[in-house]
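Grab a coffee and open the viewer. Below are some short exercises, each with a solution worked through in steps.

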Amino acid sequence: MSNKSILTWVGVAISALTYTGCNAPSQVQRSPNKTLSAAYNGQAADSSANVGKLKWKDYFTDPQLNALIDTALNNNQELNITLQEIEISRNEIRARKGEYLPFVGLRGGAGIEKAGRYTQVGSSEATTEIKPGRETPEPLPDFVVAAYARWEVDIWHKLRNAKKAAVNRYLSSVEGKNFMMTNIVAEIANSYYELLALDTQLNIINQNIEIQNNALRIVKMQKEATRVTELAVRRFEAQVLNTQNRQFAIRQRIVETENHINFLLGRYPQPVLRNSQNFENMLPAVIQAGIPSQLMENRPDVRQAEQDLEASKLDVLVARANFYPSLGLNASVGLNAFNPIYLGNVPKSLMSTLIADIAGPLINKNAIQATYKSANAKQIQAIYNYERTVLNAYIEVVNQLSNINNLQQSYATKTQEVAALTESTNIANRLFTSARADYMEVLLTQREALESRFDLIETKMQQMNATVNIYRALGGGWN
């Protein structure tokens with residue numbers, strides 16, 4: 001697939017997936033330069049604004065969360081492994097660059113040779129005198145000290161293209177590191193908000209245990225006054241025990257969430273500093289997603305796929321160049337003699353060579369053809385991967401924008417539900433005290449009120465996570 005086809009596909013994707021609102025997916029627009037997001041929290045959208053361009057220190061305002069993210073970006077083992085992969089890619093560039101430059105070296109050697117008497121070399125040596133009255137030594141030693149050079153002339157730009165492909169892979173590894181930073185920032189923020197939600201839920205549990213214990217004392221007093229039976233007392237006791245039991249599951253989740261954050265920070269288990277007192281009053285950030293072209297600029301995974309695509313294109317050119325003849329130059333200059341004491345006898349001991357050769361494949365090109373076909377297949381893979389990455393990026397943004405809007409409406413509805421059930425609990429308690437309501441109504445109302453508050457906190461956590469996820473989807477967190 002050509003670059004023109006890729007650009008055509010991207011244009012179609014941008015046109016088809018441009019999103020101008022936070023409502024239903026039916027509001028997909030066909031105009032490629034409309035804003036990707038609409039108003040949130042009642043504020044108007046700005047087509048030039050994009051929260052993905054904000055630094056994470058500016059996007060997240062909680063200082064304790066920022067401290068955790070800063071520590072993770074310094075200590076996270078997986079990120080440090082990726083940094084070493086970048087170093088490996090950088091060294092690959094140096095290696096490829098050295099391949100199309102002349103290679104110069106020094107060599108020294110010593111040897112000995114004895115030719116048969118009845119050979120051309122042997123008979124010639126037997127009748128040749130080194131000096132008058134001195135025959136050629138037998139066997140004949142050989143000592144050499146020389147500088148040599150090798151250079152493959154890069155006629156078809158095979159070596160230069162290999163070096164450019166290495167550069168693209170280096171840039172791809174850098175974008176991979178940026179994408180990992182984005183994911184680490186998002187994962188820590190999501191875990192942090194989950195931790196605040198669990199703390200709030202644990203606090204709600206403790207408050208409900210106190211309320212239920214008060215109700216249990218009233219029921220016991222009413223039993224002594226023969227207004228209720230032992231069954232009511234046992235049911236209230238079971239309700240208290242059930243609520244107390246929920247503490248342990250939440251505490252376990254808190255420990256696991258803390259240790260997940262500690263793992264991302266590259267440290268051993270320890271408490272995570274946080275302030276969860278105002279979690280219920282947190283307001284999600286105003287989200288602006290900008291225009292589709294900004295998404296292409298911000299998302300590290302899209303840019304990584306683009307660099308991989310460019311590298312695969314160059315790999316095809318390198319593989320194609322293997323079908324053409326290659327030109328090589330070999331040269332050497334130095335001192336050569338059968339005795340070391342004659343090495344300094346210049347120019348008689350001076351030797352030099354210059355050889356140029358050209359060679360190309362003629363028969364049995366199966367290996368070269370296989371390499372070329374594999375390079376083409378990998379390029380097609382890179383094209384599909386690029387298309388998939390772009391499509392996934394737009395879908396993630398659209399999904400998160402819709403999620404933010406739906407969660408906002410859900411939170412407003414659940415807030416009303418909690419208020420209604422809280423009032424119902426108060427009414428049920430008063431009616432039960434005046435013997436105008438059954439104890440089962442009180443138990444049921446208390447349970448529903450507790451569940452509704454839990455759901456409200458869960459929805460608040462999802463709201464905060466949605467703002468994190470849209471920030472990640474827009475490519476924020478690495479800059």
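**Exercise 1. Find where H157 sits, and decide whether this residue is buried, partly exposed or exposed.**

*Solution.* Keep in mind throughout that this is a predicted model.
- Step 1: look in the loop between β4 and α6, which is where H157 is placed.
- Step 2: check the relative accessibility of H157, which is 42%. Buried would need under 20% and exposed over 50%, so at 42% H157 counts as partly exposed.
- Step 3: look for something distant in sequence. H157 and V318 are 161 residues apart along the chain, yet their C-alpha atoms are separated by 7.8 Å.

**Exercise 2. Which residues make up the nonpolar surface patch that includes I155?**

*Solution.*
- Step 1: start from I155, in the loop between β4 (140–153) and α6 (158–224).
- Step 2: check its exposure. I155 has a relative accessible area of 40%, so it is partly exposed. To join a patch, a residue needs over 30%.
- Step 3: add the partners. I155 goes with W156 and Y324, and together the three have about 290 Å² of accessible area.

**Exercise 3. What does R299 touch, and is R299 buried or exposed?**

*Solution.*
- Step 1: locate R299 in the loop between α8 (292–298) and α9 (300–321).
- Step 2: read off the accessibility. R299 has just 1%, so it counts as buried.
- Step 3: list the neighbours. Leaving out residues up to four places away in sequence, R299 touches N392, A393, E396, R472, A473, L474 and G475.
- Step 4: pick out a polar contact. A polar atom of the R299 side chain lies 2.8 Å from the backbone oxygen of A473.
- Step 5: compare sequence and space. K53 is 246 residues from R299 in sequence, and their C-alpha atoms are 10.0 Å apart.

**Exercise 4. Which backbone nitrogen does the side chain of E258 reach?**

*Solution.*
- Step 1: go to helix α7 (residues 230–264), where E258 lies.
- Step 2: with 12% relative accessibility, E258 counts as buried.
- Step 3: skipping residues up to four places away, the contacts of E258 are L195, P271, V272 and R274.
- Step 4: among these, V272 gives the answer: its backbone nitrogen is 3.3 Å from the E258 side chain.

**Exercise 5. How many salt bridges does the structure hold, and where do a few of them sit?**

*Solution.* Opposite charges on side chains can pair up when the charged atoms come close.
- Step 1: the total is 18 salt bridges.
- Step 2: take E87 and R90, whose closest N and O atoms are 2.4 Å apart. Both are in helix α4 (residues 77–99), and because they are three residues apart, about one helical turn separates them. E87 is partly exposed at 33%, and R90 is partly exposed at 34%.
- Step 3: now K158 with E152, where the closest N and O atoms are 3.7 Å apart. E152 is partly exposed, with 31% relative accessibility.
- Step 4: next come R253 and E194, whose side chains meet at 3.4 Å, N to O. R253 belongs to helix α7 and E194 to helix α6, so this pair ties together parts 59 residues apart in sequence. R253 is partly exposed at 34%, and E194 is partly exposed at 23%.
- Step 5: finish with a network. K223, E230, R234 and E237 are joined into one by salt bridges that share partners.

**Exercise 6. Where does pLDDT stay under 50?**

*Solution.*
- Step 1: begin with the overall figures. The mean pLDDT is 83, and 86% of the residues reach 70 or more.
- Step 2: find the weak stretch. Over residues 1–47, pLDDT stays under 50, although the model has 101 contacts beyond four places in sequence for that stretch.
- Step 3: apply the usual caution. Where pLDDT is low, don't read the predicted coordinates in detail.

**Exercise 7. How many helices and strands are there, and what share of the residues is buried?**

*Solution.*
- Step 1: the protein has 11 helices and six strands.
- Step 2: of its 479 residues, 40% are buried.
- Step 3: for the surface, the protein exposes about 26200 Å², with carbon and sulfur atoms supplying 54% of it.
- Step 4: for the contacts with a separation of 6 or more, 80% are between residues 24 or more positions apart.

Terms used:
Residues are numbered from 1 along each chain as its sequence is written. Side-chain values use heavy atoms; hydrogens and water are left out. Patches are made of residues with over 30% relative accessible area and no salt bridge: like charges are joined within 9 Å, nonpolar side chains (Val, Leu, Ile, Met, Phe, Trp, Tyr) within 5 Å. Accessible areas come from the Shrake-Rupley method with a 1.4 Å probe; for residues, only the protein chains shown count as cover. A salt bridge is a side-chain nitrogen of Lys or Arg within 4 Å of a carboxyl oxygen of Asp or Glu. Helices (H or I, at least four residues) and strands (E, at least two) are DSSP runs, numbered from the N terminus. Buried means under 20% relative accessible area, exposed over 50%, partly exposed in between (1.4 Å probe, protein chains only). Contact means heavy atoms within 4.5 Å. A polar contact is a pair of N or O atoms within 3.5 Å; within protein, one must be able to donate a hydrogen and the other to accept it, and residues adjacent in sequence count only if both atoms are side-chain atoms. pLDDT is the predictor's confidence in each residue, from 0 to 100.
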